Amino acid sequence: MPHTITLISGDGIGPEVSAAVQRILAASQVEITWEEVSARGDIDLRGAHAVNTDMVESIRKNRVALKGPLATAIATGQPSINVALRKALDLYANVRPVKNLPHVKSKFSDVDIILIRENTEDLYAGLEHEVVPGVVESLKIITEKASTRIARFAFDHARKHGRKRIHGIHKANIMKMSDGLFLACIRKVAEKYPDIEYKELIIDNACMQMVLNPHQYDMLLLTNLYGDIMSDLAAGLVGGLGVVPSGNIGDSAAIFEAVHGTAPDIAGRGIANPTALLMSAIMMLEYIGEESAARRVESALHKVYRDGKSLTQDVGGAATTSQFTDAVIAALEK
Ligand code: NAI
């Protein structure tokens, strides 16, 4: 079945890694028509009006997008386009699988964890103001609606992907009301999924446990800020952000993207590693029902990593982006 997918190739190394992924997916013989849209100039950075842009309309229409990294200004009044997009499309679930790749130097082997992060509220609600000069307040918003919805998503995801255990991560010993509500919602949902074991851990202990023994985790369910931090921590255990994918998923649209940034230090040099975006594209193939193509591309990627001869510099090889891409395509066609 042919698919039309929105492509936001992004900034910095974004266009290089996007082109590599497009070539690999073309070789996988999934019929994709890419609708390329720019993230620049057509989004109202106040966020509220982002829904009228070409980019958002394209994703609404196609329901799926692949996205490269976008440069974000730090500590200016400009909100992040990434955050604005998630809000505009209500992409409430951030899914971050963390798994080892052969030949990638890492602290642990055989790590295989899925982190599910609530994507729309918590301290990311963007409600900050100056109370009086020298005092700033930032609101942590937790609602029953969003907490219940992400809990259902996580338990459904566990069933769909054959996962057996979910840890709810919190700091309800201190934030008794906000994190307390998050936990109460998960517990209620968990009762309806007796086949999935449900446990809870306080965030600080959960981080220490992650570094000591990540193998005890199957799936983690977290609020926005804890999820942001802990998913990067987990990625660090398997080799970093260059080798993990992500999906931002809502009820009517999804955006799959690499979690690394625009890598301005290597942009334009043809040496960027497209692995993270390719792994995100594999998640995207599963999402659009192209399960068998997803497995073929994944197995080609793993072959290239096992073989180890065509890896890019960031993972200890010497290959260029296009040599790596050629190797994945050759492995696909074997
Ligand atoms: P970064 O991830 O762009 O770079 C950190 C280091 O990792 C650099 O040395 C870079 O060369 C390397 N690196 C990253 N991706 C790579 C790849 N695919 N292949 C090989 N090496 C890779 O993080 P940084 O420098 O903090 O951010 C740069 C810009 O990216 C900023 O404007 C930031 O806001 C933006 N950013 C965007 C994200 C997104 O759109 N999802 C996520 C993170 C950062």
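Reader: Which residues are closest to the ligand, and how many surround it?
Author: This is a predicted model. In it, 19 residues surround the ligand. The closest are L70, G261, A263, D265 and N273.

Reader: What polar backbone contacts does the ligand make with L70 and A263?
Author: An oxygen atom of the ligand is 2.8 Å from a polar backbone atom of L70. At A263, a polar backbone atom is 2.7 Å from an oxygen atom of the ligand.

Reader: And which atom of the ligand pairs with the side chain of H260?
Author: A nitrogen atom. The distance is 3.2 Å, to an N or O atom in the H260 side chain.

Reader: How much of the ligand does the protein cover?
Author: On its own, the ligand has 820 Å² of accessible area, and the protein covers 65% of that.

Reader: How does the shell around the ligand divide by class?
Author: Nine residues are nonpolar, six are polar and four are charged.

Reader: Switching to pockets. How much space lies in the second largest pocket?
Author: About 780 Å³. Its lining has 30 residues, and P97, H157, H161, M283 and E286 are the closest to its centre.

Reader: Which helices and strands each supply at least two residues of that lining?
Author: Two strands do, β4 (93–99) and β5 (112–118). The helices are α4 (144–160), α8 (275–287) and α9 (291–307).

Reader: Which domains does the lining draw on?
Author: Domain 1 (1–106 + 239–334) and domain 2 (121–220 + 233–237) each give at least three residues to the lining of the second largest pocket.

Reader: What's the class mix there?
Author: The lining of this pocket has 14 nonpolar, five polar and eleven charged residues.

Reader: Now cavities. How many of 30 Å³ or more turn up in the whole structure?
Author: One. The largest cavity holds about 70 Å³ of space.

Reader: Which residues line the largest cavity?
Author: V83, R86, K87, R117, N119, T120, Y124 and N224. By class, two are nonpolar, three polar and three charged.

Reader: Which helix gives the most to that lining?
Author: Helix α3 (residues 81–88), with three residues.

Notes: Residues are numbered from 1 along each chain as its sequence is written. This is a predicted model: local features need pLDDT of at least 70, side-chain atom pairs count only at pLDDT 80 or more; totals for chains, interfaces and linings use all residues. Side-chain values use heavy atoms; hydrogens and water are left out. On a 1 Å grid over the protein atoms alone, a cavity is a set of points where a 1.4 Å probe fits but cannot get out, and a pocket is an open set with protein on both sides within 12 Å along at least five of seven lines; lining residues have an atom within 4 Å of a point. Grid points are joined across faces, edges and corners, and a volume is the space filled by probe spheres set on the points. Helices (H or I, at least four residues) and strands (E, at least two) are DSSP runs, numbered from the N terminus. Ala, Val, Leu, Ile, Met, Phe, Trp, Tyr, Cys and Pro count as nonpolar, Asp, Glu, Lys and Arg as charged, and the others, Gly among them, as polar. Domain bounds come from an automatic or database domain assignment. A residue is near a molecule or strand if one of its heavy atoms lies within 4 Å of it. A polar contact is a pair of N or O atoms within 3.5 Å; within protein, one must be able to donate a hydrogen and the other to accept it, and residues adjacent in sequence count only if both atoms are side-chain atoms. Accessible areas come from the Shrake-Rupley method with a 1.4 Å probe; for residues, only the protein chains shown count as cover.
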